[in-house]
Amino acid sequence: MDYPICAKKPSIRKLHHRDIDEQAARLTGYDQSYQQISRGSFSGTFTTCDINRELSLFFEKTNQVVYQNATVPRGYYAIGLLMNTDRTLTLNCEPFPKGAAFILPPGAEMEGISSPDMKICIIHVSCDLLKRELQHQYRELNLFNPDRIPYMLVNNVTETWPLYSLLEDFLTGADKVHLSLEGANQLAALKNTLLETICSVFITRNESDRNKTGMTTRTRHHRLFHDALDIIKDNICEELTVGKLCEELTASRRTLEYVFNENIKMSPAKYIRALRLNNIRREILSVEHSTLGDIAAKWGIWHLGRFARDYYQLFGELPSATKGNAVRR
């Protein structure tokens with residue numbers, strides 16, 4: 001059952017995770033996937049606030065550098081803010097400014113790389129609720145259709161601060177106790193302030209800011225990066241090298257190295273290795289009877305000594321320890 005349709009009353013749930021895929025699955029309906037690309041054991045928290053079927057809050061924190069992909073569900077907008085300004089986020093191949101907010105429309109893809117211990121809030125709001133609120137507050141918008149508004153970056157602290165401040169106070173309270181919002185005084189204030197801030201942002205955006213055209217160097221690099229990811233995904237089980245990747249893309253090794261460092265702060269070779277290790281870990285946890293050697297070979301890794309070393313450096317435990325934990329579950 002997809003969240004938040006199943007939500008019937010406002011509540012807060014805070015969960016701790018040691019498994020990266022369990023954490024990714026908490027953002028139900030977004031088809032979210034994570035790849036860990038920094039070294040060490042994973043640890044994360046995910047706090048969910050179900051206000052009603054049309055408005056929800058998600059607060060997330062992870063201790064590792066994580067490469068993330070997700071798609072906003074149809075009929076909903078995703079509004080996001082960083083909750084700790086000393087951390088960084090790269091969103092859709094661009095640095096996310098401190099104090100900014102992003103607004104992603106229904107069906108939009110979001111791709112990000114987060115720094116360790118970054119905290120982010122995602123506000124999940126239905127198009128129907130936005131439309132009602134906008135038309136209620138701004139009578140001239142009788143023809144307003146939220147489905148047609150594209151991605152927006154709100155890089156204006158004056159606009160985002162009221163929302164950030166509200167969410168920070170709310171998160172502080174949620175960290176102290178598990179509380180039900182049903183009948184709580186803060187519920188009405190929370191919902192009203194959220195909607196007022198979001199609506200004011202929608203109104204003050206100029207159409208010219210939303211519809212910039214032209215193929216920039218960043219856009220070309222973005223396309224090259226995604227083409228490379230598609231080739232890697234389709235050939236991850238094969239003997240894929242950076243040289244073969246350059247041939248497929250008709251791009252120089254130097255350009256490809258630059259594009260990967262620009263987007264995910266690592267080389268294509270390191271990304272391929274990290275992706276293989278993430279897939280191997282998932283298979284170790286889900287397949288009971290295969291040997292570690294067979295699983296590694298399936299994903300294009302043949303040198304078992306180096307495999308064990310690389311696996312330990314990335315996840316903080318040996319593959320045999322992961323297999324032992326899977327057996328005990």
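## Burial and the overall picture

A residue counts as buried when its relative accessible area is under 20%. Leu-277 falls in that class, because its relative accessible area is 4%. The model is predicted.

The chain has 329 residues, and 48% of them count as buried. Its secondary structure consists of twelve helices and twelve strands. Take the contacts between residues at least 6 apart in sequence: 74% of these join residues at least 24 apart.

## Helix 9: Leu-277 and Asn-278

Leu-277 is part of helix 9. Beyond its neighbours within four places in sequence, Leu-277 contacts Ile-301, Phe-307, Asp-310, Tyr-311, Leu-314 and Phe-315. Pro-319 is 42 residues from Leu-277 in sequence. In space, the two C-alpha atoms are 9.8 Å apart.

Asn-278 also belongs to helix 9, which covers residues 268-286. Is Asn-278 buried or exposed? Asn-278 counts as buried, at 2% relative accessibility. Its side chain reaches the backbone oxygen of Ala-274 at 2.7 Å. Leaving out residues up to four places away in sequence, Asn-278 touches Gln-35, Gln-36, Leu-314 and Phe-315. Leu-314 and Phe-315 are thus listed for Leu-277 and for Asn-278.

## Helix 11 and its salt-bridge network

Helix 11 runs over residues 304-315 and holds both Asp-310 and Arg-306. Their side chains meet in a salt bridge, with N to O at 3.5 Å. The two residues are four apart, about one helical turn. Residues three or four places apart point the same way, because an α-helix has 3.6 residues a turn.

The burial of the two partners can be stated as well. Asp-310 is buried, at a relative accessible area of 10%. Arg-306 is partly exposed, at 42%. The pair belongs to a wider set: salt bridges that share partners join Arg-273, Arg-306, Arg-309 and Asp-310 into one network. Asp-310 is also one of the contacts of Leu-277.

## Helix 8: span, buried side and a salt bridge

Helix 8 comprises twelve residues, 253-264. From its first C-alpha to its last, helix 8 reaches 16 Å, close to the 16 Å expected at 1.5 Å a residue. Its buried residues include Leu-256, Val-259, Phe-260, Asn-263 and Ile-264. Why do these residues lie on the same side of helix 8? They cover an arc of only 95 degrees around the axis, so they share one side of helix 8.

Helix 8 also carries a salt bridge between Glu-257 and Arg-253, at 3.9 Å from N to O. The two residues are four apart, about one turn of the helix. Glu-257 is partly exposed, with a relative accessible area of 22%. Arg-253 is partly exposed too, at 46% relative accessibility. After helix 8 comes Lys-265, with a positive phi near 60 degrees.

## A salt bridge between strands

How many salt bridges does the structure hold? The count is nine. One of them pairs Arg-13 with Asp-50, where the closest N and O atoms are 2.9 Å apart. Arg-13 sits in strand 1 (residues 11-17) and Asp-50 in strand 3 (residues 44-52), so the pair ties together parts that are 37 residues apart in sequence.

Burial of these partners can be set side by side. Arg-13 is partly exposed, with a relative accessible area of 38%. Asp-50 is buried, with a relative accessible area of 5%.

## The five-stranded sheet

Five strands form an open sheet in the order 2-5-10-7-8, with antiparallel pairing. Strand 2 (33-36) and strand 8 (94-95) stand at the edges. Each has a single partner strand, so one side of each lacks a neighbour in the sheet. Gln-35 and Gln-36, both touched by Asn-278, fall within the range of edge strand 2.

At the other edge, strand 8 is joined by two bridges to strand 7 (residues 89-91). These two strands run antiparallel. Which residue of strand 8 is the bridge partner of Leu-91? That partner is Glu-94.

Note on methods
Residues are numbered from 1 along each chain as its sequence is written. This is a predicted model: local features need pLDDT of at least 70, side-chain atom pairs count only at pLDDT 80 or more; totals for chains, interfaces and linings use all residues. Side-chain values use heavy atoms; hydrogens and water are left out. Two strands pair if DSSP finds at least two bridges between them. Buried means under 20% relative accessible area, exposed over 50%, partly exposed in between (1.4 Å probe, protein chains only). A polar contact is a pair of N or O atoms within 3.5 Å; within protein, one must be able to donate a hydrogen and the other to accept it, and residues adjacent in sequence count only if both atoms are side-chain atoms. Contact means heavy atoms within 4.5 Å. The expected span of a helix is 1.5 Å times one less than its number of residues. The arc is that of the directions from the helix axis to the C-beta atoms. A salt bridge is a side-chain nitrogen of Lys or Arg within 4 Å of a carboxyl oxygen of Asp or Glu.
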